[in-house]
Each structure stands twice: as C-alpha cells, then as structure tokens.
Amino acid sequence: MTITQYRSQWQGPELRAAARHLGRRRFLTLTAAAAALAFAVDLPAAGAAAAATLDAARIDVFPFTLGVASGDPLPDSVVLWTRLAPAPYQPDGGLPAQPVDVDWEMAQDESFAVPVAQGTATAHPEFHHTVHVEVQGLDAGRVYYYRFRAGAWLSPTGRTRTAPAAGAAAPALTFAAVSCQAYTDGYFTAHRHLSEDDVDLVFHLGDYIYEYAVDAAGGARKYTDRALPALFDHETGTLEDYRLRYALYRTDADLQAAHAMHPFVVTWDDHETENNYAGSIPENAVPPDQFLIRRAAAYRAYWENQPLRMPQLPVGPDAQLYRRLFWGRLAQFDVLDTRQYRSDQAYGDGKHIPGPESEDPARTMTGAAQEAWLLDGWKASTARWNVVPQQVCFSQRKMDLNTVAEVSMDAWDGYPASRRRVLDGAKAAGVENLMVLSGDVHVAYAFDIKDDFDDPASRTLGTEIVATSIASGQNGTERPSNWATYTTANPHLKFYDGRRGYVTVSLTDARARADFKTVPYVTTPGAPLSTAASFVTEAGAPGLRRV
Ligand code: FE
Ligand code: CA
C-alpha cells in the first residue's frame, strides 16, 4: 500500500473501526472522537504531503542517532528500519516537516564489496521520518549487511538474515526471547550481551517501552553526566509523547547494538500503550472512546519505530500485529497479540481466585478471529516445532497452597476458557512440539504445559519458556521469598530465576534446548553474563529436563 492509498482510506475505516470498538450506543460520541483521532495521529491534516522534498545534503548534523534495525525475515525478504533524527529529544527530531530521500544498500559482506540490492526510500514527516524498506528478491537462509545514507551521512552497518526456503529442512535455529525493558529501572546490559550472542533471530515479547514518567537522571540509571529533558517527565498520552519515548529508548547504545546485529520479530504487550489495558478498556476510569485515541497514538508510534511491514501499519486504533513466520519446516511461529482483542480482566484485575466471572466461556484472550487463525494455522502446520511468541504467562501459576488458589487475572489464568480452547485446538490439530514463549512477569520461568494443570499425571502438551526482563524490576533476586510455596503449588514449574537477562532457544529436528541467561545487576552498567540453567525437551516427547 502506498502512502497515498493509506491516506485515502483514512476517514472511512477509521470511523468503522471506532464504531466496532465502541458499539452503536456510543456512536454519537464518535464525531468528536474521530476528529481528535485524526489530530492525534497527525494525518493528513498536517499538509506536509505537499511539502517539497528536503535535500538531504542540507542535513548538517548526524541523523542516524537511533541506529538501524531489521525484522520479520522471510525466505526472500527482510524489513530494514531507521529514522532520521538529528535532534532525537526534540519533538520534530531536528528536521522540518518535509520528506527526505534516504538511500539504502545491502551486501553479502560487511565491507559492502559484494552488493546485492540498493534503492531509495522516503522518510515521511507523517511517519516521523522513520524509514521502512521491505527488501525483496533475496536468497533464502543467508546473512546480509545493510546501511543507509542521507546526504553526507552514513548510518551504522546492520546485520540481518533471511529465513530458509519454505519447506526446506533447516539444520538448526537459535533464537532469543526478550521482554520488559523499563528504561528507568536500569541499563540494557542484557541487550549488549545479546548483541554478542550467536543467535539467528530475536523475539521481543512486549513492554518495549514503559509509559511512566522518566526523570532527568533516567530513574535508577542515576545519570550524573547528563540530564534528560523535562519532556520525558510525564506519562505518555499523545502521539508526540510516544514518539519521543521511542527516541529515548532507541538512543540507548546497548539496545542499538542488539538491533544492529540481529533481526527482530516484535509484538507488544500493555506498556507500549498503558499498563494492563484490555482491548478498548483502559486501566483507569477513562471512557473507551478517549482511550482509543491514546491507543491509536501508541500503536502508530510503535509501528513507526519497529522493523514492521506495511500489513502491520495501524489504521486508527487498530493494527494487525498477529502474524505467522516460518523457519523452513523446522519451525512455525504464530506471533500473538493478547492485548488488542481481549476481554476486560475479571474481578477488577490483580490476583484473585478463579470464579464465575473469570471462568465465563464468553471471555477471550485472543478475540475470536485470532483464535480461529491460530487453530487453522496449526491444522495446516507441517513444522517440526510450533512456537507461539506472545505476551503473558500461559501456564497456571497458583500463588498459594489452597485447592482454589489465587492466580493472576491479567495472564491466561484469568482467561481459562480461552486457554482451554487453544489447548483443545492444539490437540485436535495434532500439532507437533508446541512451545509457548512469554514475557511480562520480569522473572524467568520454565513450565511443562499440562492438559490439566491441577493433575500432574495428565498429559504434557508442550513447554512454556518465559523470558525474564531486560531491565524492569531493577536488579532482582534469584529466588522469591515464597519459593517453597510457589514450587509446591505448581509442580509443572521447572525453573525460576528473578534476575534480569534473556533466554536463548536452539531448535533441531531432535530437540529444543533453552539457556536462561542472567546478569547480576542492571542499576550500574557493565554486568557480566552467565547461564543460570539449561533445559532440553525432546521432539515427540514434551517435557523439560534440566541439563
Ligand atoms: Fe513488563
Ligand atoms: Ca506487561
């Protein structure tokens, strides 16, 4: 879709989407909401489309301050990303509201001696001078290097790779899973280590940014050599706020290093918009129509600042983020969005014992369309491993030893009928080697996914690997104070570590191996990386075994 096509469909689908969310009885509020929405997302009223192109030679300050990124590898294509921002902490990024032409090139080697593709993309002011290039015609299963040029300025070089050919046997794949990078909770040391780790692909499972205020010292980072501007020191609400927040995060050198070295496949959780929102229901007492304006701003800034393709471009408050990727016939990845379509949390959210409200079969974590898409995808799957990168804990986590124990209403435990439908769908599809990836909880977990979590003797249907946070929760501790209770209440819980880090998973036809990697501290820079534990699950015989 071209920008012009996107613009021309702006008004109609906008109102329809809003109406779908709000229901007919609230339609009368929509005129105001839609007007505010058009304003919030800066389209196309700014009129910048008509502005003359800015000659990149006139950019006199280094504009690639946010680094480069790549993502969503296909066998013949990958998305390249950058943004022009000579002054990243200014709302306008230091550029006038004019389009800028940016050259890009891709090569087989780091010195660009063997070029394979090149072109020119436009950094539109409507997209905050972000650049998304969907390079086509690449060879399957290869490493490539890429860079951008604007006027006299050359970007850092990025490394990426394409997926193996569709249906091809792939000998091995190692990917990482990361989540939850609250800038104000510490340094992104784990991203620095990830940049040096030998992985093919990184899944980001959400909480890429946090909406809360960032003070001049960067919170727990306690900067003494710089002061962040006051415009970060309030909760994000507008498009400008969200855009600036991505600019803050992406100036982090460790995060830039991870993006430059590996392609990312990203999905969001709540904090990219607002803590624990559910569909069109915000955390606090704000009317849904007002919240959808905020959600539209948040979703748009997310797309602008991630290596995502055009089908993921939001239309107002809606975006199709769930999508499917393949790694030959070794793995199928069903990337979920468990925020946009979910029912409101039962019992007012938080921890609660299950009951009629949470167990209502009409409640959904995925929405009906995404659920059907997932189950149909499994029916059609020929992959050895069926991996589900998503946000919140899938397995049951009882918080106490009572027969009916408290569980988290925000996780799948608060949507048990939805989880049952997914597991029944996996069984009916005869899906091979199910592995769920999760984030959100700021601790590392490894679970056996049981057919009946209350019966340890029931069938193990797959495994769940939960990535701890990059920074959220500050330094953390290895074990919680309720360790004995927690492990007794949840016999399918095979591992817990409450420190910061990430997890890598290596897949072969025969087995999957998970390595939980941690750093001992994040409130000061430079922590070393160590592997806290490793687990293996054999193909055809699900169940985690510590190695
Ligand atoms: Fe988080
Ligand atoms: Ca979260």
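Does D270 count as buried or exposed, and at what relative accessibility? In this predicted model, D270 has a relative accessibility of 1% and therefore counts as buried. The residue belongs to a metal site, which is described below together with an adjoining iron site and with the surroundings of A213.

The calcium ion (ligand 2) is coordinated by carboxylate oxygens (OD) of D207, D269, D270 and D440, at 2.3 to 2.6 Å. Along the chain, these donor residues follow the spacing D-x61-D-D-x169-D. Distant parts of the chain are linked by the pair D270 and D440, which are 170 residues apart. D270 is placed in the loop between β11 (264-266) and α7 (288-304), whereas D440 is found in the loop between β17 (434-438) and β18 (444-450). D440, at 16% relative accessibility, also counts as buried, because the cut-off for this class is under 20%.

The iron ion (ligand 1) is coordinated by C180 through SG, D207 through OD, Y210 through OH and H442 through NE2, at 2.0 to 2.5 Å. The angles subtended by these four donor atoms run from 85 to 169 degrees, and the arrangement is therefore irregular. A tetrahedral assignment is excluded because it would require all angles to lie between 85 and 135 degrees. In sequence, the donors of the iron ion (ligand 1) are spaced C-x26-D-x2-Y-x231-H. Within this set, C180 and D207 connect distant parts of the chain, being 27 residues apart. C180 is located in the loop between β9 (173-178) and α4 (189-196), and D207 in the loop between β10 (201-204) and α5 (239-250). Both residues, C180 and D207, are buried.

The two sites share a ligand residue: D207 bridges the iron ion (ligand 1) and the calcium ion (ligand 2). The distance between the two ions is 3.8 Å.

A213 likewise lies in the loop between β10 and α5. With a relative accessibility of 35%, A213 counts as partly exposed, because this value falls between the limits of 20% for buried and 50% for exposed residues. When neighbours within four places in sequence are left aside, A213 is in contact with T184, F232, D233, H234, E235 and R245. T504 and A213 are separated by 291 residues in sequence and by 31 Å in space, C-alpha to C-alpha.

Technical notes:
Residues numbered from 1 in each chain as written. Chains lettered and ligands numbered in written order. Predicted model: local features only at pLDDT ≥ 70, side-chain atom pairs only at ≥ 80, totals over all residues. Heavy atoms only, no water. Donors = N, O, S within 2.8 Å, 3.2 Å for Na, K, Ca; no water. Tetrahedral: all angles 85-135°; square planar, octahedral: opposite > 155°, others 65-115°. Helix = DSSP H or I, 4+ residues; strand = E, 2+ residues; numbered from the N terminus. Buried < 20%, exposed > 50% of the residue type's maximum accessible area, 1.4 Å probe, protein only. Contact = heavy atoms within 4.5 Å.
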